[in-house]
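Grab a coffee and work through these short exercises with the viewer open. Each one gives you a task and then a solution in steps.

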Amino acid sequence: MTTHSGLIQSIAEKVIQPCRRAPDTSELEVSLGARDSTGRYTAGVSKDYAERVLEALRAGGEWDQVHDWKLMTDIWFGTEGIRDTRRPGQPGAVRCSKTRIGWVDTSLQGPMSVYVGTCTPIAARITAKKEIILPTPEPDTSLPEAIVEEITMVRKKLRKSYVRGSFQYDVTMVWSGSTIEMVEAMDTSMATYEVEIECICLSDYLDTHSNQYVAESLLLKVQDLVPGASARPMYTHKI
């Protein structure tokens with residue numbers, strides 16, 4: 001069984017240190033999800049859990065920024081992890097390539113009353129990714145036929161975000177499918193729900209904090225989102 005200090009060390013070595021090697025092109029985030037009977041992690045939480053997280057965020061004190069619900073569509077294509085992100089009312093797309101460079105999964109301790117899927121206790125994945133922004137596609141609302149044929153996954157997302165200091169907390173409704181038409185045909189009842197925490201000022205944050213500090217900061221922020229974990233004010237730990 002992994003001890004608390006062992007978990008901190010594992011996150012520091014496997015996730016934080018890879019980000020430190022290239023902070024300007026790295027992404028550090030935590031997602032909440034579940035582990036199945038084999039220990040395999042799957043991102044996503046129940047609708048009830050997502051709503052409770054939103055309630056906690058709304059009651060979480062003063063925020064630097066609150067971004068109301070925003071719609072976007074991620075289109076993945078090819079075999080190199082290339083993704084286009086398109087937003088209504090904005091021409092073209094933001095194209096990037098993302099590669100996972102390190103991660104640690106952990107089950108969350110505490111009074112767990114929220115379950116995902118087949119009643120598996122909620123878990124967290126702390127992830128480091130390499131993100132490269134690619135040349136922007138032409139500002140056209142349609143996709144070239146060649147790219148449409150290469151689409152591997154489409155994810156339509158409706159997201160609300162809360163920002164404090166170097167961290168952004170996202171609650172997202174997601175509709176996933178293999179084609180744009182499939183996703184557009186889905187109604188609200190077919191949405192899944194995701195909760196994520198991202199360090200949005202990673203380079204500066206790593207410049208001023210040790211690997212252990214960052215690892216502890218992430219875990220404390222996750223713990224704040226576990227219903228009933230404590231009665232303390234939110235986000236007062238290791239900002």
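**Exercise 1.** Find the residue that stands opposite A34 in β2, then describe how the two strands are joined.

*Solution.* Keep in mind that this is a predicted model.
- Start at A34: its opposite number in β2 is T42.
- Now step back to the strands. β1 covers residues 26–35, and β2 covers residues 41–43. They run antiparallel, with 3 bridges joining them.
- Finally, look at the link. The two strands make a hairpin with 5 residues between them, and in the turn G39 has a positive phi of about 90°.

**Exercise 2.** Work out which other strand β1 pairs with, in the antiparallel sense over 4 bridges, and decide whether β1 is enclosed or open.

*Solution.*
- The partner is β10, residues 192–199.
- For one bridge in this pairing, take L28: its partner in β10 is C199.
- Next, check burial, which means under 20% relative accessible area. In β1, 9 of the 10 residues pass, so the strand is largely enclosed by the rest of the structure.

**Exercise 3.** Is Y41 buried or exposed, and what does Y41 touch beyond its sequence neighbours?

*Solution.*
- Y41 sits in strand β2.
- Its relative accessible area is 8%, so Y41 is buried.
- Set aside neighbours within four places in sequence, and the contacts of Y41 include S31, L32, G33, A34 and R35, plus D105. A123, A124 and R125 are on the list too.
- Pick out A123: it is 82 residues from Y41 along the chain, yet the two C-alpha atoms are separated by 7.7 Å.

**Exercise 4.** Do the same for T127: is it buried or exposed, and which residues does it touch?

*Solution.*
- T127 belongs to strand β7, residues 120–133.
- With a relative accessible area of 4%, T127 counts as buried.
- Leaving out residues up to four places away in sequence, T127 touches V15, E27, L28, E29, R100, G102 and W103.

**Exercise 5.** How much space lies in the largest pocket, and what kinds of residues line it?

*Solution.*
- The pocket holds about 1400 Å³ of space.
- Its lining has 44 residues, and the closest to the centre are E29, R83, K129, K157 and E196.
- Sort the lining by type and you get 13 nonpolar, 10 polar and 21 charged residues.

**Exercise 6.** How many residues of helix α6 are buried?

*Solution.*
- The helix runs over residues 211–224 and spans 20 Å from first C-alpha to last, close to the 20 Å expected.
- Of its 14 residues, 10 are buried, among them N211, E216, K221 and D224.

Key
Residues are numbered from 1 along each chain as its sequence is written. This is a predicted model: local features need pLDDT of at least 70, side-chain atom pairs count only at pLDDT 80 or more; totals for chains, interfaces and linings use all residues. Side-chain values use heavy atoms; hydrogens and water are left out. On a 1 Å grid over the protein atoms alone, a cavity is a set of points where a 1.4 Å probe fits but cannot get out, and a pocket is an open set with protein on both sides within 12 Å along at least five of seven lines; lining residues have an atom within 4 Å of a point. Grid points are joined across faces, edges and corners, and a volume is the space filled by probe spheres set on the points. Ala, Val, Leu, Ile, Met, Phe, Trp, Tyr, Cys and Pro count as nonpolar, Asp, Glu, Lys and Arg as charged, and the others, Gly among them, as polar. Buried means under 20% relative accessible area, exposed over 50%, partly exposed in between (1.4 Å probe, protein chains only). Contact means heavy atoms within 4.5 Å. Two strands pair if DSSP finds at least two bridges between them. The expected span of a helix is 1.5 Å times one less than its number of residues.
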